[in-house]
Amino acid sequence: MMFDGINLLAVLVAAVASFAVGALWYGVLGKAWMRAARLGEDDVRPNPLLFAGTFACQLVMAFVFAGIIYHAGPVTLANGVLSAVLVWVGLLATSLIVNHRFQGQSWALTVIDGGHWLAVLIVQGFVIGLFG
């Protein structure tokens with residue numbers, strides 16, 4: 001199950017694993033996240049379409065990330081995790097910091113959301129590297 005060097009099974013497993021990490025992350029930090037984002041219970045009612053869209057985005061993210069890892073060198077566990085940290089520092093953390101500062105959001109929100117995306121990328125890099 002390869003697509004030009006990308007293991008599609010690894011992509012699927014990485015997407016499922018990172019979706020689960022997000023559920024766990026916000027399950028534990030949900031109340032703190034709501035305070036940091038200035039949201040109430042009525043603002044965050046579960047929506048099945050939102051969860052389906054979130055999983056679809058995780059799937060696209062895992063596919064593109066697998067391509068990045070593949071093009072960066074051999075697909076190994078170490079390269080997967082290293083790529084996760086580099087992509088997070090260079091793209092995700094910086095984007096969150098800029099967006100949250102312009103939106104007037106708290107640093108607590110940036111830390112919670114940034115930590116989530118770091119965990120997502122590390123899990124995806126781990127899974128993709130493991131399958132490599």
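**Notes on a predicted model**

1. Start with glutamine 58. Setting aside residues up to four places away in sequence, glutamine 58 touches Ala15, Ser18, Phe19, Trp117, Val120 and Gln124. The model is predicted. Glutamine 58 sits in helix H2, which covers residues 48-72. Is glutamine 58 buried or exposed? Its relative accessibility is 3%, so it counts as buried, the cut-off being under 20%. Its side chain also makes a polar contact of 3.1 Å with the side chain of serine 18. Serine 18 is itself one of the buried residues of H1.

2. Now take H1 itself. Helix H1 runs over residues 8-36 and has 29 residues. Its end C-alpha atoms are only 36 Å apart. A straight helix, at 1.5 Å a residue, would reach 42 Å. Where does H1 bend? Look at leucine 29, where the bend is about 70 degrees.

3. Next, the start of H1. Asparagine 7 is the residue to look at here: one of its side-chain oxygens comes to within 3.0 Å of the backbone nitrogen of leucine 9. Asparagine 7 falls in strand S2, residues 6-7.

4. Which residues of H1 are buried? They are Ala10, Val11, Ala14, Ala15, Ser18, Val21, Gly22, Gly30, Met34 and Ala36. The cover over them includes strand S2, helix H2 and helix H4 (107-131). Ala15 and Ser18, both on this list, are also among the contacts of glutamine 58.

5. Check the residue just after H1. Arginine 38 lies in the loop between H1 and H2. Its phi is positive, about 60 degrees, although arginine 38 is not a glycine. Most residues other than glycine have a negative phi. Arginine 38 counts as exposed, because its relative accessibility is 55% and the cut-off is over 50%.

6. Arginine 45 belongs to the loop between H1 and H2 as well. With a relative accessible area of 57%, arginine 45 is exposed. Its side chain has a partner: a polar contact of 2.7 Å links it to the side chain of aspartate 42.

7. Then the largest pocket. How much space lies in it? The figure is about 950 Å³. Its lining is made by 26 residues. Nearest the centre are Gly22, Tyr26, Trp33, Leu50 and Phe51. H1, H2 and H4 are the elements that give two or more residues to this lining. H1 supplies the largest share, ten residues. Gly22 deserves a second look, as a residue by the pocket centre that is also listed among the buried residues of H1.

8. Compare H3, residues 77-102. Its 26 residues should span 38 Å at 1.5 Å a residue. The end C-alpha atoms are 36 Å apart, which agrees. H3 still has a bend, of about 45 degrees, at tryptophan 88.

9. The buried residues of H3 are Gly80, Ser83, Ala84, Val87, Trp88, Ala93, Leu96 and His100. Tryptophan 88 is thus both a buried residue and the site of the bend. H2 and H4 are among the elements that cover this set.

10. After H3 comes glycine 104, with a positive phi near 70 degrees. The loop between H3 and H4 also holds glutamine 105. Glutamine 105 counts as buried, at 18% relative accessibility, because the limit is under 20%. What does glutamine 105 touch, not counting residues up to four places away in sequence? The contacts are Ala36, Ala37, Arg38 and His100. Two of these have come up already: Ala36 is buried in H1, and His100 is buried in H3. Arg38 is the positive-phi residue of point 5.

11. Last, glycine 129 in helix H4. This glycine is buried, with a relative accessible area of 7%. Leaving out neighbours within four places in sequence, glycine 129 is in contact with Val75, Thr76 and Leu77. How far is its C-alpha atom from that of glycine 5? The separation is 12 Å, although the two glycines are 124 residues apart along the chain.

Conventions:
Residues are numbered from 1 along each chain as its sequence is written. This is a predicted model: local features need pLDDT of at least 70, side-chain atom pairs count only at pLDDT 80 or more; totals for chains, interfaces and linings use all residues. Side-chain values use heavy atoms; hydrogens and water are left out. Helices (H or I, at least four residues) and strands (E, at least two) are DSSP runs, numbered from the N terminus. The expected span of a helix is 1.5 Å times one less than its number of residues. The bend at a residue is the angle between axes fitted to the seven residues ending there and the seven starting there. Buried means under 20% relative accessible area, exposed over 50%, partly exposed in between (1.4 Å probe, protein chains only). Contact means heavy atoms within 4.5 Å. A polar contact is a pair of N or O atoms within 3.5 Å; within protein, one must be able to donate a hydrogen and the other to accept it, and residues adjacent in sequence count only if both atoms are side-chain atoms. On a 1 Å grid over the protein atoms alone, a cavity is a set of points where a 1.4 Å probe fits but cannot get out, and a pocket is an open set with protein on both sides within 12 Å along at least five of seven lines; lining residues have an atom within 4 Å of a point. Grid points are joined across faces, edges and corners, and a volume is the space filled by probe spheres set on the points.
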